Amino acid sequence: MKRKAITREAQLLLIGIPVFLWTMIPIYHLFLFAISGRDSATSGRLWPKDPTLQNFSVVFQQHHFYLNHFWVQLGNSLVIALTVGALTLIIATTAAFAISRLKVRGGRLVMNLALFTYFIPAAFLAVPMYKTMGNYGLLNNQWALILAMVTIASPYCIWVLKQASDKLPWELDEAARIDGASPLQLFRLVYVPLMVPSLVAVGTYALLLAWNEYLYAFLLLSRDDSVTLSVALGNFLAADDSPWELLMATGFIYALPPAAIYYAFKRYMVGGLTAGAVKS
């Protein structure tokens with residue numbers, strides 16, 4: 001049995017190590033460009049001859065015309081991502097509670113219809129979404145992107161929370177009702193505390209989805225002081241002689257917050273997103 005376990009672990013390592021290295025190569029080259037000078041960024045060396053942090057200084061101090069609104073755009077990304085995460089969490093939590101615990105009529109049908117929207121790629125809905133936001137006068141307003149991302153994230157989050165909610169013992173609900181708890185008290189005192197891992201997971205998922213969004217942000221926002229940093233990074237590619245070292249330094253900075261969030265809540269992400277996948 002011990003030899004069998006060792007053999008299985010060795011097989012996993014033989015698969016995992018190449019996959020890990022393949023994943024890390026682009027990140028390594030991103031960092032390599034970020035610490036290279038303009039003339040040596042494309043030299044092909046595995047490590048720059050004279051590594052420098054000057055590129056990060058240029059980004060932080062906004063000493064390039066592509067970076068004139070760096071801090072504002074980074075703030076836009078943060079505000080939009082946090083708002084999307086919070087709104088998606090509120091909508092998905094209350095919807096899953098109503099469908100799973102209160103058994104509202106038509107709740108499962110609504111959830112299944114919402115999931116059906118994922119059969120249509122999100123990119124195909126970008127133009128209709130643009131038209132809709134234009135009809136409501138929300139173009140170039142950050143609420144346009146927030147509402148679009150909440151629309152995209154909510155169905156999956158509702159499904160995840162509903163599956164996790166189905167695993168909660170019904171005896172807890174019955175005991176709370178016998179004690180005179182209202183549906184709101186049941187939600188606040190019983191449901192939410194028991195669902196914390198899944199709530200953290202779907203909130204983080206929605207936040208990261210909004211943080212990394214490019215297409216909808218590009219279509220719905222256009223002013224330099226309202227776009228997210230992911231869209232602003234595309235401006236670097238507009239010139240024939242793009243400052244690749246600054247682009248990579250900015251991209252590296254932009255990648256740090258989601259990486260930190262993921263590793264901070266990794267335990268909840270794995271447990272919460274798989275909750276209810278296998279029923280006991």
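A residue is taken as buried when its relative accessible area is under 20%, as exposed when over 50%, and as partly exposed in between, with a 1.4 Å probe and protein chains only. The structure is a predicted model, in which local features need pLDDT of at least 70 and side-chain atom pairs count only at pLDDT 80 or more, whereas totals for chains, interfaces and linings use all residues. Residues are numbered from 1 along each chain as its sequence is written, and side-chain values use heavy atoms, with hydrogens and water left out.

Helices are DSSP runs of H or I with at least four residues, numbered from the N terminus. In helix 1 (residues 2-34), the 33 residues should span 48 Å at 1.5 Å a residue (1.5 Å times one less than the number of residues), which agrees with the 46 Å between its end C-alpha atoms. A kink of about 30 degrees, taken as the angle between axes fitted to the seven residues ending at a position and the seven starting there, lies at Met-24, shortly before Pro-26. Leu-32, Phe-33 and Ala-34 of this helix are buried, and the buried residues of helix 1 pack against helix 2 (54-61) and helix 12 (244-264), contact meaning heavy atoms within 4.5 Å.

Rings of Phe, Tyr and Trp (its six-membered ring) pair if their centres lie within 6.5 Å, with planes under 30 degrees apart counted as stacked, over 60 as edge-to-face and the rest as tilted. By this rule there are 15 aromatic pairs. Phe-97 and Phe-187 form an edge-to-face pair, 5.1 Å centre to centre with 70 degrees between the planes. This pair links helix 3 (residues 70-100) to helix 8 (residues 183-194) across 90 residues, and both Phe-97 and Phe-187 are buried.

How values were computed
Helices (H or I, at least four residues) and strands (E, at least two) are DSSP runs, numbered from the N terminus.
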